[in-house]
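These exercises go through one structure step by step. Try each task with the sequence and the model in view before reading the solution.

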Amino acid sequence: MNVERQQDAIKFGIFRLIRNAQNTTELAINPIPMHCEVYRNLLHRWHCFIIFSLVDTYIDDSIENIPDGVTAIAIGKLNFMKDPAIIIGGNCSIQVFDCKGNEILWTVTGDNVRSIIVMDIDLDGSNELLVGSDDYEIREFKDDIIVNEISETSSICSLISFSIGRFAYALDNGTVGVYDKFRRVWRVKSKSSVNFLEKYDLDGDGKEELITGWSNGKIDARNSITGEVIFRDVLSNSIAGVVVGDYIRAGKCQLIVVSITGEVRGYDNTSLKVESGVQTNVIHDLLQKRQILMSELNNYTKASNEGQGIPEPCVLLTLSTNNSMILKAVTIFAEGIFEDETHVVHPDRECTSSELKIALLPPKDILLDIHIRAFVGSCVDNDQFHVFELTRQLPKFSMYLLVSFPEIEDIPESFVKFRLVERVQRLDLWLSQNFIVPQKTPVKTNGQDFWKVAISSLRDSSLTCVTFEKEVMSIYSVNLSLTADIVQTLASYLNLDQIDSIAEFPKVLDDLWENIQSVKTLQQNAVKLNASIADSSTLLKNLIVQAEDFRLLDDTSNMEKCLNDIFHIDKQMIQNHQVTCENHEQLLVTLKKINNIIQNASRLRVNNNRTDTITSYRQAVASENMTVLKKLIESGNK
């Protein structure tokens, strides 16, 4: 089957497609980018199709438009479905289609979706949807509701499910690991990037190993429970794909690995080399020690090249001893804060003292564990030092400073309000769990029904005010994402399953309208560019034919003229193509902004109608109905 277009993703699965009383058909799904309509009337460039094709006859059964593009595909049955469905991840969105191509679900997520799997992670008998995206998050969807989130240190590039609630993941920074439900069991990190994940029982023990294909051509198999490498091999070029199937028709499946140059290798349980257990353990220990020493050497080199200045603003971690002992060195491990996740502070001899200050700059608002190892001694010349290890937790909103409550005219105009029946003491506990609270707290309260606090962002100095008075919680902020995060953390901490809020965000509405108009303008540009490219292509074909005719007639003068025209037209087409690519990138960025606004606006409330609300947002954006969009942001209803 020749689709004559670039394919972004492909997936095979079985559906119950009713053609007659006893017929079920196996289908292949191919998403194909094409020039067509996106966001209905808003965009006419770079669209994606899903083609349902009969495997045995290669007949296209159905073609479906995917407005937000296709970056990941999964096939499975979720809790509310009777039959398996096609689940599509795109530009900040997730769509679900039945076997006839009817859309049965559309929802938004935080960033571009990179990987999707369907599995029963909580072992309740029904499947959940796990989505990995570019915003470093792994989200668990139960139907259309996000019930769990995991924050990682890089974009999630691949997910694969194992049995009994375990799944493996891979990140763009070369990290591979396994979660048991939402508890991380193990992980490893490499300088190479991960190209492919697969599962296969390589040693024949009845338990599938995690197979990883790397960009440097390495292929390895790890025990999914311990992470121990049981097999490795190296191809001459980067791994293009890993599949499992009975390639040689031996009656059992093999592991098939393909490189980008077309090299194919197959493996099964006979591929494992029989080596001495002692020799294997020695090699494993030496490799592990080498990795640790190389990491420490890199950290010491980096520490010696860096100055001891403290950037502003930041979260300042201060370590000190309660006597005359000095801090010789400190290592800090924290995911997502440092480039290599480990930071070493080794002051010069003349700068050693009983106190060290380290700057922490969390890039996102997430809860982080900081593991500290301090080397303490009586003097700098000692050869032996005491090693103190401790772990501290960095609160979710650590990059926000509690400040004095401002005057009325300085309070932001945008707000969200909802009714809350709660004691102010519980709000104090919520604040201490999610923020760094100074000893002299700026919180104003009467201890009964009045409570308010002001928060200043260390990133952009924006102000957010949170007040609770007469059973009404109010959050004043220009930051829609922060406001939504505060609402959700309050709901989680106070065990609230229903929050019906009233909101006003005029700046967000203005930005939304500006983005919609920007998409419309980019659409018009795309139409003009496509028309220009089509005209140039037609003219180019005619000129090539004419040039060949003149060559046969030995008319050198006219042939040179045609070739000169071909050169200039070709040059212009290359320029138009570059402009088209830039136009397309701007479209993706703008659509991402629209989807992020929809997601954050839907998180201003807590209820079970999130799907209907997001669908209403989508329809209002497509029809450019700002009246409905305003009502949706204000109350969540049309």
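**Exercise 1. Classify Leu401 as buried, partly exposed or exposed, and describe its surroundings.**

Solution. Leu401 has a relative accessibility of 46%, so it counts as partly exposed. The cut-offs are these: buried means under 20% relative accessible area, exposed over 50%, and partly exposed in between, with a 1.4 Å probe and protein chains only. The model is predicted: local features need pLDDT of at least 70, side-chain atom pairs count only at pLDDT 80 or more, and totals for chains, interfaces and linings use all residues. Residues are numbered from 1 along each chain as its sequence is written, and side-chain values use heavy atoms, with hydrogens and water left out.

Next, place the residue: Leu401 lies in strand β30 (residues 400-403). Helices (H or I, at least four residues) and strands (E, at least two) are DSSP runs, numbered from the N terminus.

Then list the contacts, where contact means heavy atoms within 4.5 Å. With neighbours within four places in sequence set aside, Leu401 touches Ala454, Ile455, Ser456 and Leu458. Ile436 is 35 residues away from Leu401 along the chain, and their C-alpha atoms are 7.4 Å apart.

**Exercise 2. State how many helices and strands the chain has, and what share of its residues is buried.**

Solution. Counting the elements gives 7 helices and 36 strands. Of the 638 residues in the chain, 46% are buried. For the contacts, take those between residues at least 6 apart in sequence: 53% of them join residues at least 24 apart.

**Exercise 3. Work out the strand order of the sheet that contains β6, and find its edges.**

Solution. The sheet is open and has 4 strands in the order β5-β6-β7-β8, paired antiparallel. Two strands pair if DSSP finds at least two bridges between them. The edge strands are β5 (72-76) and β8 (103-108); each has a single partner strand, so one side of each lacks a neighbour in the sheet. From one strand to the next the twist averages 15 degrees.

Now take the pairs in turn. β5 and β6 are joined antiparallel over 5 bridges, and Gly76 is opposite Ala85 in β6. Strand β6 (residues 85-89) and strand β7 (residues 93-97) run antiparallel with 4 bridges. Across this pair, Gly89 faces Ile94 in β7, and Ile88 is opposite Gln95. The hairpin of β6 and β7 has 3 residues between the strands, and Cys92 there takes a positive phi near 65 degrees.

Last, look at the two faces of β6. In a regular strand the side chains alternate between the two faces of the sheet. Ala85, Ile87 and Gly89 point one way from β6, Ile86 and Ile88 point the other way, and all are buried.

**Exercise 4. Compare the length of α6 with the expected span, and say how many of its residues are buried.**

Solution. The expected span of a helix is 1.5 Å times one less than its number of residues. α6 has 14 residues and reaches 20 Å from its first C-alpha to its last, close to the expected 20 Å. In α6, 10 of the 14 residues are buried, so the helix is largely enclosed by the rest of the structure. Among them are Ile614, Tyr617 and Val621. Just after α6, Glu624 has a positive phi of about 55 degrees.

**Exercise 5. Describe how α5 and α6 cross, and which residues meet.**

Solution. The axes of helix α5 (residues 556-602) and helix α6 (residues 610-623) come within 10 Å and cross at roughly 145 degrees. Axes are lines fitted to C-alpha atoms, for helices over the stretch in contact, and angles run from 0 to 180 degrees between N-to-C directions.

For the residues, Ile594, Ile598, Gln599, Ala601 and Ser602 in α5 meet Arg610, Ile614, Tyr617 and Val621 in α6. By class, this contact has 6 nonpolar, 2 polar and 1 charged residues. Here Ala, Val, Leu, Ile, Met, Phe, Trp, Tyr, Cys and Pro count as nonpolar, Asp, Glu, Lys and Arg as charged, and the others, Gly among them, as polar.
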